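Colleague: Could you take me through one part of this model in detail, please? I would like a close look at the aromatic rings and what surrounds them.

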Amino acid sequence: IGSRFRAEFGTSRLDLATALVSAGRVPQYLPGQSNYSDVRDPATTLFVESVQASPTGSLFIDAQKGGQFRPSATVTRLAAAIALVRAAGLRSEAEAKAGTPLAFLDASGIPNELKGYVAVAISTGLLQADTNFRPQAGLSRAELAHAITVIETRAVQ
């Protein structure tokens with residue numbers, strides 16, 4: 001917004017999809033028509049369909065074809081962890097760690113089958129946490145910028 005980054009502002013689901021496509025983490029894909037009832041304009045369709053047709057699998061596992069994607073909704077830290085880990089090419093590592101005990105005080109709020117994604121997101125530095133992971137909190141713009149930098153740095157190595 002102007003010259004202000006507004007690091008503390010939340011990241012929308014569309015913002016995350018746009019960042020992952022723009023960073024080259026998923027190939028662009030544009031179907032004849034959107035698979036999501038709330039995605040209609042061409043620009044939004046490009047980013048949403050690209051992340052959902054990713055070779056590593058849909059990056060947003062809570063959006064089903066024929067349903068809603070909710071592009072304007074703030075992306076949760078849990079949904080972001082899954083999308084970022086998959087975009088980084090670490091899906092198999094995350095799924096191998098499903099059910100991994102997590103030391104966070106709020107770990108009970110993370111489904112067992114998704115704990116591996118959180119473990120990998122934290123261990124690789126994609127996301128950071130203290131005693132709580134805050135799975136339902138919104139991902140901030142600063143956290144997204146940090147995660148994209150980590151993904152790009154890993155890709156170069």
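**The ring cluster and its surroundings**

Modeller: Happy to! Let's start with a cation: the charged end of R13 sits over the ring of F69, 4.7 Å from the ring centre. A charge sits over a ring here if NZ of Lys or CZ of Arg is within 6 Å of the ring centre and within 35 degrees of the ring normal. Before going on, please note that this is a predicted model, in which local features need pLDDT of at least 70 and side-chain atom pairs count only at pLDDT 80 or more, while totals for chains, interfaces and linings use all residues. Residues are numbered from 1 along each chain as its sequence is written, and side-chain values use heavy atoms, with hydrogens and water left out.

Back to F69, whose ring also has aromatic partners. Rings of Phe, Tyr and Trp (its six-membered ring) pair if their centres lie within 6.5 Å; planes under 30 degrees apart are stacked, over 60 edge-to-face, and the rest tilted. By this rule there are 3 aromatic pairs. One of them joins Y36 and F69 edge-to-face, with 5.8 Å from centre to centre and 65 degrees between the planes. This pair links distant parts of the chain, 33 residues apart: Y36 is in the loop between α1 (13-22) and α2, and F69 is in the loop between α2 and α3. Helices are DSSP runs of H or I with at least four residues, numbered from the N terminus.

F69 has 0% relative accessibility and so counts as buried, and Y36, at 2%, is buried too. Buried means under 20% relative accessible area, exposed over 50%, and partly exposed in between (1.4 Å probe, protein chains only). The rings of F60 and F69 have centres 4.9 Å apart and planes at 70 degrees, so this pair is edge-to-face as well. F60, like F69, is buried. Taken together, ring pairs link Y36, F60 and F69 into a cluster.

Right after F69 in the numbering, have a look at R70, in the loop between α2 (42-52) and α3 (77-87). Its phi is near 60 degrees, a positive value in a residue other than glycine. Most residues other than glycine have a negative phi. R70 is partly exposed, with a relative accessible area of 33%.

Elsewhere, R77 lies over the face of F133, 4.6 Å from the ring centre. R134, in the loop between α5 (115-123) and α6 (141-156), has a positive phi near 60 degrees and, at 35% relative accessibility, counts as partly exposed.

Definitions and conventions: Helices (H or I, at least four residues) and strands (E, at least two) are DSSP runs, numbered from the N terminus.
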